[in-house]
Amino acid sequence: MSLSPDRVESEKRVICEEMRARSSGQQRLLKQLFASWFKNTPAGNHEVIGSEASVRSFTPEALAAFYRRNYRPEKTTLIIAGDVDAKTV
């Protein structure tokens, strides 16, 4: 997998802008709630998306390595719900 450094930089700017946009009052309240609900876990201290500093640290090589390590067929789960014929699926 190859990622263009220019494309990675562009996407990092977009993600950081979205993170700044999430700093509304409602988002701050949700962050406080999660910190309270999960105060003794790592989830209570970290945004799901990460921090702006972590996003800015991404490199094309690190992103490609993450993809190769985590996006693999043996780590895939397919869930099908509803009135389906199991043999057809």
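The questions and answers below concern a predicted model of a single chain.

User: How many helices and how many strands does the secondary structure of the chain come to?
Analyst: In this predicted model, the elements run α-α-α-α from the N terminus on. The count that goes with this order is four helices and zero strands.

User: What share of the 89 residues in the chain is buried?
Analyst: A residue is called buried when its relative accessible area is under 20%. Applied to the 89 residues of the chain, that cut-off gives a buried share of 10%.

User: How much area does the chain expose, and what part of it do carbon and sulfur atoms supply?
Analyst: The exposed area of the chain comes to about 7,700 Å². Of that area, the part supplied by carbon and sulfur atoms is 57%.

User: Which residues make the nonpolar surface patch of about 560 Å²?
Analyst: One of the residues in the patch is F34, whose place is in helix α2, residues 25-37, and which counts as partly exposed because its relative accessibility is 41%. The full set that makes the patch is L29, L30, L33, F34, W37 and F38.

User: Why is the pair of F34 and W37 edge-to-face?
Analyst: A search of the whole structure finds four aromatic pairs. In the pair of F34 and W37 the ring centres are 5.6 Å apart, and planes over 60 degrees apart count as edge-to-face. Both residues lie in helix α2, three residues apart, which is about one turn of the helix. The pair is edge-to-face because its planes stand at 75 degrees.

User: Is the pair of F34 and F38 stacked or edge-to-face?
Analyst: F34 and W37 both lie in helix α2, and the rings of F34 and F38 have their centres 5.8 Å apart. Planes under 30 degrees apart count as stacked. The planes of F34 and F38 are at 15 degrees, so the pair is stacked.

User: Is W37 exposed or buried?
Analyst: Ring pairs link W37 with F34 and F38 into a cluster, and in that cluster F38 counts as partly exposed at 34% relative accessibility. For W37 the relative accessible area is 55%, and exposed means over 50%. W37 is therefore exposed.

User: What distance separates the C-alpha atoms of E17 and E52?
Analyst: E17 has its place in helix α1, residues 5-21, and is partly exposed, with a relative accessible area of 46%. E17 and E52 are 35 residues apart along the chain, and their C-alpha atoms are separated by 9.2 Å.

How values were computed. Residues are numbered from 1 along each chain as its sequence is written. This is a predicted model: local features need pLDDT of at least 70, side-chain atom pairs count only at pLDDT 80 or more; totals for chains, interfaces and linings use all residues. Side-chain values use heavy atoms; hydrogens and water are left out. Patches are made of residues with over 30% relative accessible area and no salt bridge: like charges are joined within 9 Å, nonpolar side chains (Val, Leu, Ile, Met, Phe, Trp, Tyr) within 5 Å. Accessible areas come from the Shrake-Rupley method with a 1.4 Å probe; for residues, only the protein chains shown count as cover. A salt bridge is a side-chain nitrogen of Lys or Arg within 4 Å of a carboxyl oxygen of Asp or Glu. Helices (H or I, at least four residues) and strands (E, at least two) are DSSP runs, numbered from the N terminus. Buried means under 20% relative accessible area, exposed over 50%, partly exposed in between (1.4 Å probe, protein chains only). Rings of Phe, Tyr and Trp (its six-membered ring) pair if their centres lie within 6.5 Å; planes under 30 degrees apart count as stacked, over 60 as edge-to-face and the rest as tilted.
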